[in-house]
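Thanks for making room for me today. Please bring up the sequence and the model on your screens, and I will take you through the packing and then the strand pairing.

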Amino acid sequence: MSQTKPYRVSHLDALEAESIFIMREVMAEFERPALLFSGGKDSIVMLRLAEKAFAPARVPFPVMHIDTGHNFAEVLEYRDSRVATLGLNLVVASVQEAIDTGLVRELPDGTRNRIQTPVLLAAQEKYRFDALFGGARRDEEKARAKERMFSFRDEFGQWDPKNQRPELWALYNGRHHPGESIRVFPLSNWTELDVWHYIAKENIPLPSIYYAHDREVVERNGMFYAVNEFIRLRDGETSEVRRVRYRTVGDASQTAAVLSEADTVEKVIDEVAATRITERGATRGDDKVSEAAMEDRKREGYF
């Protein structure tokens, strides 16, 4: 008599189920949710989870991109293609427009990550979004690890790490007063390696810059920045063409590439499995300002 094999759920299946459950909870508890979608790998995975959570219906909420104006062309092309394919409602909140209208002032160094926050808060108020899905993961940066799945924000969009609600037994408290909101992080328990394994499992296409390619770069403080309209050579600097890929695709004026020969998903997985430096630590110049750089921005209302 043959024995029935025990039913087992894989690690990725468990993560997927948790994330889908959270997305459905948000749709049940909130009136006007939206998903932050930049065309980066984490938001791409989050969008795939939303597809699966509500299939066969279309994704039932808009996607929003906080556009710094300092974008990698490949990422914008992917964003627009994905939005068109899925028939999504795309909301673009433009930092450049905010500068032109006087909402924010451009910083002396020309970088725009920090001035995204008022633009995000203004867009959230304009469209009355009461919940925003973000693709943050706890392994990215230690300030991220302090945040819960449902992260409460006050009427000013600010985050207080000491005012976090308990989430025992996967019970999520979405209660909020008018003007307050919740940031929701369905990928909190995922790692960078989990994301790449899921991309491989689901055969999800990505912007080409996530894979190794030749690019003109300049080395600054041990990081390789693409030479483009946002990053110019300084006195005494020289550029060179190197084989690189991007682990994260934020503001092009502050996001560096890493030297790599990984031009397939499988090779990227091997590379990520061997690294001991987080993707933000290896590639984001804005997180090198201070140990508390991310936490300071989150207290102001950042993602």
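I will begin with the nonpolar cores and then turn to the strands. Please keep in mind throughout that this is a predicted model.

The largest nonpolar core has 56 residues, and those with the most contacts inside it are Met23, Leu35, Val45, Phe150 and Trp196. Many elements contribute to it: at least two residues each come from helices H1 (11-29), H2 (41-54), H3 (73-86), H6 (192-202) and H7 (265-274), and likewise from strands S4 (131-133), S5 (150-153) and S6 (181-184). Among these, H2 gives the largest share, namely eight residues. Because both domain 1 (11-193 + 293-300) and domain 2 (207-286) give residues to this core, it lies between them.

What does Leu35 touch, if we leave aside residues up to four places away in sequence? The list takes in Met23, then Met46, Leu47 and Ala50, then Phe61, Pro62, Val63 and Met64, and finally Phe133.

There is also a second core, separate from the one I have just described, which has 16 residues, including Val91, Ala98, Ile115 and Leu120.

Now to the strands, where S9 (residues 240-245) is the one to follow. Strand S9 pairs with strand S7 (residues 213-220) in the antiparallel sense, over five bridges, and within that pairing His213 has Val244 of S9 as its bridge partner. Strand S9 is also joined to strand S10 (residues 258-259), again antiparallel, by two bridges, where Arg245 finds its bridge partner in Val258 of S10.

That is where I will stop, and I am happy to take questions.

Definitions and conventions. Residues are numbered from 1 along each chain as its sequence is written. This is a predicted model: local features need pLDDT of at least 70, side-chain atom pairs count only at pLDDT 80 or more; totals for chains, interfaces and linings use all residues. Side-chain values use heavy atoms; hydrogens and water are left out. A nonpolar core is a set of buried Ala, Val, Leu, Ile, Met, Phe, Trp, Tyr and Cys residues joined through side-chain atoms within 4.5 Å. Buried means under 20% relative accessible area, exposed over 50%, partly exposed in between (1.4 Å probe, protein chains only). Helices (H or I, at least four residues) and strands (E, at least two) are DSSP runs, numbered from the N terminus. Domain bounds come from an automatic or database domain assignment. Contact means heavy atoms within 4.5 Å. Two strands pair if DSSP finds at least two bridges between them.
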